[in-house]
Amino acid sequence: MNYMKTSVWLGLVVTGLLSFSCANNPEKKRVSEEGALTYTNPLPVQFGDPYILLASDSMYYMYGTGGGAKDGFCAYSSSDLVNWKSEGQVFQGNIPGSWGVANFWAPEVYERGGKYYMLYSADWNVNPTNELENFRIGVAVSDKPTGPFKELSDKPLFDPGYPAIDGNLLTDEDGRTYLYYSRCCYKHPVESEIADEARKAGKFKEIEESWIYGVEVKPDLSGIIGEPVLILRPPVKLDDKQAEWESRSVTSGEVNRRWSEGPYAFKKGDTYYLMYSANFFGGQYYAVGYATSKSPLGPFVKSADNPVLEKNVEKGGIVTGTGHNSITWSKDGKQMYCVYHGRTQKTGEERVVFIDKMGVDANGHLYVEGPTTTPQTL
């Protein structure tokens, strides 16, 4: 691995080490003059890859990468999406019997059958060829959303033969559950017109890519059913309408990788929506797009509206690096919220949490009302 590749992954590790402790409690609630509950982005929570679960106890629970956790994950709880209480570390890996030994990333928690299941990524302890990026996706379970979560198995959910991260689940009306995940860029050079241009410009010799896959999983989350299907990948042609925004980390000379990662799937009507992030997660160009399909495993078509969430510094704002989002809802189910991490001039390289309203309009177009840094009313 060259210096550029090493710095990409080490940057995330350093970010985690510099994060707030799990014991930190964010600021207290703010109320507008009209009496409505308000908040201002970014939230005082230093997570990457934030995920919020609205549980059956009518509480919100937030999980994420970093936050001061040691070989695992912290959580915060809230009754209103504004006031967040630290619940401490709720999962720890790299203990006797663990399959995951380092780099614990992107937790997502699902309530199923009275229990809580956490999907997460980590380095697998089975690594006979000493791969520098040996990530897989695993499952941990708890009786409570605040843990403690215990690994469901002493091995990952499955082994696709390449490093995999960013697991996300969608359960359809028929009860079948699907996993969406990202194949890492590591040792995955891909030829494209974008790669050709990078070589001609003397920027990079090769461009590695991450791709998003989907696969059905067993009802008890103990394994997969069938083989993973390629869902999304970065554009190959320069005249592809998605090529410009999905290739900015390469065309700017930032890094020799293009990402399709951080998938989040949901269904509205008869349409499946898959949100995803592109560009370097540690850089300013990280942004979010989406694709749609009539089937949970595709084919998915990327929206002409992409990106739907990106940095706003060119418009006078202070936010960059917006990405790896999840979605949560108001308690009445009427308002969708996009939960994501970003950076500001004040937070520097530290990733912090943003929450902004989002929705799908009458024509099926997904939109995000962000990034915002002014007081927002819930």
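These legends describe close-up views of a predicted model.

**View 1. Glu261, a buried acid without a salt bridge.** Glu261 sits in strand β17, residues 260-268. The side chain is buried, yet no salt bridge is formed. The nearest side chain of opposite charge is that of Arg351, 7.1 Å away. A salt bridge needs a nitrogen-oxygen pair within 4 Å. Glu261 does have a polar partner: its side chain meets the side chain of Tyr286 at 2.4 Å. Beyond four places in sequence, Glu261 touches Ile165, Asp166, Ser182, Ser210, Ile212, Tyr276, Ser277, Phe281 and Tyr286.

**View 2. Asn279, held in a loop between β18 and β19.** The flanking strands span 271-278 and 287-293. Asn279 has 0% relative accessibility, so it counts as buried. Two polar contacts involve its side chain and the backbone. One runs to the backbone oxygen of Trp245, at 2.7 Å. Another reaches the backbone nitrogen of Ser249, at 3.0 Å. Residues touched by Asn279, leaving out those up to four places away in sequence, include Glu246, Ser247, Arg248 and Trp259. Tyr285 and Tyr286 are also among them. Ile224 makes a reference point: 55 residues away along the chain, its C-alpha atom is 28 Å from that of Asn279.

**View 3. The hairpin of β11 and β12.** The two strands pair in the antiparallel sense over six bridges. Ala164 faces Arg183 of β12 across the pairing. Five residues separate the strands, and Gly175 takes a positive phi near 90 degrees. Strand β11, residues 164-171, has seven of its eight residues buried, so the rest of the structure largely encloses it.

**View 4. Salt bridges from the loop between β11 and β12.** Side chains of opposite charge can pair when their charged atoms come close. Glu173 bridges to Lys267, with the closest N and O atoms 2.9 Å apart. Lys267 belongs to strand β17 and Glu173 to the loop, so this link spans 94 residues of chain. Glu173 is exposed at 63% relative accessible area, while Lys267 is partly exposed at 31%. Arg176 bridges to Glu216, at 2.8 Å between the closest N and O atoms. Arg176 lies in the loop and Glu216 in strand β14, so the pair ties together parts 40 residues apart in sequence. Arg176 is partly exposed, at 39% relative accessibility. Glu216 is buried, with a relative accessible area of 13%.

**View 5. A salt bridge within helix α2.** Lys200 and Glu197 meet at 3.7 Å, N to O. The two residues are three apart in the helix, which covers residues 193-200, and about one helical turn separates them. Lys200 is exposed, with 67% relative accessible area. Glu197 is partly exposed at 39%. Elsewhere, Glu133, Glu208 and Arg257 are linked in a network of salt bridges. The structure holds 19 salt bridges.

**View 6. An open sheet of four strands.** The order is β21-β22-β23-β24, with antiparallel pairing. β21 (319-329) and β24 (366-368) stand at the edges with a single partner each, so one side of each has no neighbour in the sheet. Neighbouring strands are turned against each other by 30 degrees on average, direction ignored. β21 pairs with β22, residues 336-344, over seven bridges in the antiparallel sense. Here Gly323 stands opposite His341 of β22.

How values were computed: Residues are numbered from 1 along each chain as its sequence is written. This is a predicted model: local features need pLDDT of at least 70, side-chain atom pairs count only at pLDDT 80 or more; totals for chains, interfaces and linings use all residues. Side-chain values use heavy atoms; hydrogens and water are left out. Buried means under 20% relative accessible area, exposed over 50%, partly exposed in between (1.4 Å probe, protein chains only). Lys and Arg count as positive and Asp and Glu as negative; His and the chain ends are not counted. A polar contact is a pair of N or O atoms within 3.5 Å; within protein, one must be able to donate a hydrogen and the other to accept it, and residues adjacent in sequence count only if both atoms are side-chain atoms. Contact means heavy atoms within 4.5 Å. Two strands pair if DSSP finds at least two bridges between them. Axes are lines fitted to C-alpha atoms, for helices over the stretch in contact, and angles run from 0 to 180 degrees between N-to-C directions.
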